[in-house]
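Me: Please take a close look at the surroundings of the ligand in this structure, and then work outwards from there to the packing and to a few individual residues.

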Amino acid sequence: MKVLIVGRGIAGSSLYYLFKENGSKVHVVESGFRRFYPTLIHSLLLKGRDIDLALESLSFYASHKIPLFLYPSYTIGKIPPEVIDKWISMGFNIEEKYVPWLGQDAIIGHNTDRLVGVKKLIDSVPYIKGQISIDSQYRVLLDGEEISNKYDLIIVASGAWNSFTVKSTLPLRSYYCWAWAVLTPKRVLDKVFIYDYELGFYSRPLFGIGSFFSIVGDGDTIECSPFSPQLGDKRAVKEASKRLGPLIPIYKGDGYCEGTPDMKPVYGQISEKIYYIGGLNGYGAEVGPGLAKLLFNFIVKGEEDKEYSASRFHGVSDFRIGKEPHEF
Ligand SMILES: Cc1cc2nc3c(=O)[nH]c(=O)nc-3n(C[C@H](O)[C@H](O)[C@H](O)COP(=O)(O)OP(=O)(O)OC[C@H]3O[C@@H](n4cnc5c(N)ncnc54)[C@H](O)[C@@H]3O)c2cc1C
């Protein structure tokens, strides 16, 4: 089978390996619209079936030798007891206790959170530089030249650009989000994850070595086209400073993500041989390879997972971007 994957992001790169390892000839086309960061957060402390996708993603990273760096996580705020019970039932090592350097109680996750070297995954995938567009007749064009007949299967994995790549209505909307690299006197912040659901921010290591830098952000989003430049405010830095002491913002990392009506990721079929995957929100490194596996199983084995397939949005014609599923 000849497979074309549109987009060399987390979803496209995972699909590249899944199909290649299954014996397909796979081409990936990448336009270069998206900027990538060396590492992204991978947490297992999610909700419901997302935990299964995160575990599947973790085993994908491990089996493809993608670097994973473990750090403890500190979750502040009211987490529904059934969610905590689920974490414990999955065998995760968590405990709630007073944390002196935070000056308050937190749920501590031991070995539940990692930075994942997504750049290594993406850089390992060979690609053709170019831009794909799919018109309303489902003709696939590479930089304007039709290539539909060269492939048996086409998968659109172009992230926030999905709705611009395909002339077809998809249950996806793009948005802008951002985070700040900050200077901090508390070197512990470069060695821990903090999810503060009371003040509404997260903090994560930048270098992960106990330096004077970390990264803070919040779940704030601006719904917009991925082609429209935006400005992100410093609210996350202000809120985080209330909990963690003075933080000086030095660099804003930003980009575009996309969400679905229920803010959980999705895969679906567009035409006989065109499929799509997306809606990975701000947690694509956490669940992306797991979702790619579901799409692979759908195409190759005919297995549909109704919790993540597009059939769940049947009848939904309009929606607004909400909060990510793990932003309790
Ligand atoms: C500032 C920031 C911080 C984030 N932090 C985290 C984090 O810590 N943990 C986490 O899990 N997630 C994080 N995310 C979210 C994560 O980056 C996304 O969930 C993830 O990148 C989505 O993966 P994807 O493969 O669907 O899309 P993308 O990663 O966006 O990949 C799509 C690719 O398709 C290419 N493309 C687009 N259109 C075309 C076209 N027409 N033809 C060819 N190529 C095309 C793009 O250039 C891009 O490379 C963050 C996002 C941002 C912006």
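Reply: What follows begins with the ligand and then moves to the cores and to single residues. The model is a predicted one, in which local features need pLDDT of at least 70 and side-chain atom pairs count only at pLDDT 80 or more, while totals for chains, interfaces and linings use all residues. Residues are numbered from 1 along each chain as its sequence is written, and side-chain values use heavy atoms, with hydrogens and water left out.

The ligand is surrounded by 35 residues (each with a heavy atom within 4 Å of it), and the closest of these are E30, R34, I41, N281 and A285. Sorted by class, this shell holds 16 nonpolar, 14 polar and five charged residues, where Ala, Val, Leu, Ile, Met, Phe, Trp, Tyr, Cys and Pro count as nonpolar, Asp, Glu, Lys and Arg as charged, and the others, Gly among them, as polar. At least two shell residues come from each of α1 (10-21), β2 (25-30), β3 (40-43), β17 (248-259) and α7, the helices (H or I, at least four residues) and strands (E, at least two) being DSSP runs numbered from the N terminus. Strand β17 gives the most, with four residues.

Backbone atoms take part in polar contacts with the ligand (pairs of N or O atoms within 3.5 Å; within protein, one must be able to donate a hydrogen and the other to accept it, and residues adjacent in sequence count only if both atoms are side-chain atoms). A backbone N or O atom of G282 is 2.9 Å from a ligand nitrogen, a polar backbone atom of G284 is 2.9 Å from a ligand oxygen, and a backbone N or O atom of E286 is 3.3 Å from an oxygen atom of the ligand. On its own the ligand has 1000 Å² of accessible area, of which the protein covers 96%, by the Shrake-Rupley method with a 1.4 Å probe; for residues, only the protein chains shown count as cover.

Helix α7 (residues 284-301) also supplies nine residues, the largest share, to the largest nonpolar core. Such a core is a set of buried Ala, Val, Leu, Ile, Met, Phe, Trp, Tyr and Cys residues joined through side-chain atoms within 4.5 Å, with buried meaning under 20% relative accessible area, exposed over 50% and partly exposed in between (1.4 Å probe, protein chains only). This core has 51 residues, and I5, F19, Y61, W87, I155, I277 and L295 touch the most other members. Beyond four places in sequence, the contacts of I277 (heavy atoms within 4.5 Å) include I155, L291 and L295. A second, separate core of 23 residues includes A106, L189, V192 and V237.

Among individual residues, D196 in strand β13 (residues 193-196) is buried, with a relative accessible area of 1%. The side chain of D196 reaches the backbone nitrogen of E198 at 2.9 Å and is joined to the side chain of R243 by a polar contact of 2.5 Å. K273, in the loop between β18 (266-269) and β19 (274-278), counts as partly exposed because its relative accessibility is 25%, and its side chain reaches the backbone oxygen of Y151 at 2.7 Å. Finally, M263, in the loop between β17 and β18, has a positive phi near 60° in a residue other than glycine, and at 3% relative accessibility M263 counts as buried.
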